[in-house]
There are 2 protein chains.
Amino acid sequence: MSQGNIHVSVQADESECVPTECTILDVLDRISSKWSIAILLEAANGPVRFTELERSVKGISRRMLTLTLRNLERDGLLVRTVYPTIPPKVEYTETAMARDLHESLAGLTAWAERHRAAIALARSGYDRAASADKWLG
Amino acid sequence: MSQGNIHVSVQADESECVPTECTILDVLDRISSKWSIAILLEAANGPVRFTELERSVKGISRRMLTLTLRNLERDGLLVRTVYPTIPPKVEYTETAMARDLHESLAGLTAWAERHRAAIALARSGYDRAASADKWLG
DNA sequence: CGGGATCCTGCCTGATACTG
DNA sequence: CAGTATCAGGCAGGATCCCG
């Protein structure tokens with residue numbers, strides 16, 4: 001029951017970072033989401049279309065696909081090309097910046113492949129120990 | 001989340017990671033959070049203590065620090081060592097798996113450093129164009 | 001086909017206070 | 001020092017409908 005403190009959450013939130021004060025972690029936070037990585041990996045094989053991504057990036061909702069694509073485009077990692085045909089055709093192409101990132105992304109995925117079994121194991125081990133502690137006090 | 005991914009049998013267990021669904025992206029999603037990365041980078045320089053992290057990882061709340069540390073420990077990336085002294089002392093040490101990841105993380109951070117200005121620029125450019133569209137219909 | 005707009009839910013997150 | 005407990009707000013993200 002905290003009462004009466006009139007604190008108006010004065011977070012001068014500069015999540016929209018100014019060019020000179022954009023920290024590395026801020027940048028990483030933008031591109032390290034599950035969907036961003038998936039999309040970037042797909043786009044590395046050549047231009048991709050919306051519906052194509054909707055199929056290949058399994059589990060993604062239409063909304064998240066749209067939003068993630070927008071953000072990647074906004075950050076200069078993808079270029080959106082619209083062909084005014086009927087039906088419409090939109091292609092997303094990776095930029096040079098994205099190509100440069102792709103190497104690191106490959107490193108990450110390689111790591112994930114190498115250790116995903118170990119991680120799953122560590123998890124179950126941790127959980128088992130946690131349950132045990134619960135009973136043993 | 002429909003199936004369709006190739007098996008690659010991870011005999012993992014019944015944790016949140018079902019064998020057929022334990023994809024690389026799932027693993028990445030665990031460690032690619034802003035705080036996880038920051039903490040792992042700190043831990044790479046040697047064992048770190050709770051308050052030490054609270055200071056160095058700027059902007060993190062006590063709650064998030066605790067939660068992120070728990071998850072990293074659970075996934076086998078950090079080892080938590082408690083010294084039953086007064087006052088208590090707890091050290092978090094990276095595991096071999098984390099050390100292996102650190103190389104990739106360094107690659108990512110290097111990329112972020114190289115392109116953070118370009119990203120900020122792309123953003124402001126995109127936003128400017130978006131505002132313009134808004135007025136031009 | 002490629003989205004935009006809207007509603008709604010639950011988890012993520014921060015702030016604060018308390019504990020061993 | 002190193003957390004846990006609790007409350008409250010925000011926004012990520014799914015579902016749905018609609019439009020050019």
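This text goes through a predicted model, taking the contact between chain A and chain B and then the surface near DNA strand D.

Start with the two protein chains. Chain A brings 50 residues to their contact, and chain B brings 54 residues. Put together, chain A and chain B bury about 5000 Å² between them. Of that area, 65% is on carbon and sulfur atoms. On the side of chain A, the residues that lose the most area to chain B are A:Arg74, A:Arg116 and A:Arg123. Together these three arginines make up 17% of what that side buries.

Charged and polar groups also meet between the chains. There are six salt bridges between chain A and chain B. In one salt bridge, A:Arg114 pairs with B:Asp100, and their closest N and O atoms are 3.0 Å apart. Polar contacts across this interface, with both residues at pLDDT 80 or more, come to 16 residue pairs.

Which helices of chain A supply the side that touches chain B? At least two residues each come from α1 (24-31), α2 (34-43), α4 and α5 (96-136) of chain A. Helix α5(A) gives the most to this side, with 24 residues. Sorted by class, the side of chain A that touches chain B holds 23 nonpolar, eleven polar and 16 charged residues.

Now turn to the DNA. Around DNA strand D there are 17 residues, and those that come nearest are A:Ser61, A:Arg63, B:Thr51, B:Arg80 and B:Tyr92. Of the atoms of DNA strand D that come within 4 Å of the protein, sugar and phosphate account for 60%.

Three side chains can be followed one by one. For A:Ser61, a side-chain N or O atom is 2.6 Å from a phosphate oxygen of DNA strand D. The side chain of B:Arg70 also has an N or O atom by a phosphate oxygen of this strand, at 3.3 Å. With B:Arg62 the partner is a base oxygen of DNA strand D, which lies 3.0 Å from a polar side-chain atom of the arginine.

Where does the surface near DNA strand D come from? In chain A, α4 (62-74) supplies at least two of its residues. In chain B, α3 (50-56), α4 (62-74) and β3 (89-94) each do so as well. Helix α4(B) gives the most to this surface, with four residues. The residues of the surface near DNA strand D divide into seven nonpolar, three polar and seven charged.

Helix α4 of chain A thus has a place in both parts of this account: it supplies residues to the side that touches chain B, and it supplies residues to the surface near DNA strand D.

Conventions:
Residues numbered from 1 in each chain as written. Chains lettered and ligands numbered in written order. Predicted model: local features only at pLDDT ≥ 70, side-chain atom pairs only at ≥ 80, totals over all residues. Heavy atoms only, no water. Near = heavy atom within 4 Å. Polar contact = N/O pair within 3.5 Å; in protein donor to acceptor, adjacent residues only side chain to side chain. Nonpolar A, V, L, I, M, F, W, Y, C, P; charged D, E, K, R; others polar. Contact = heavy atoms within 4.5 Å. Buried area = accessible area lost by both parts, 1.4 Å probe. Salt bridge = Lys/Arg side-chain N within 4 Å of Asp/Glu carboxyl O.
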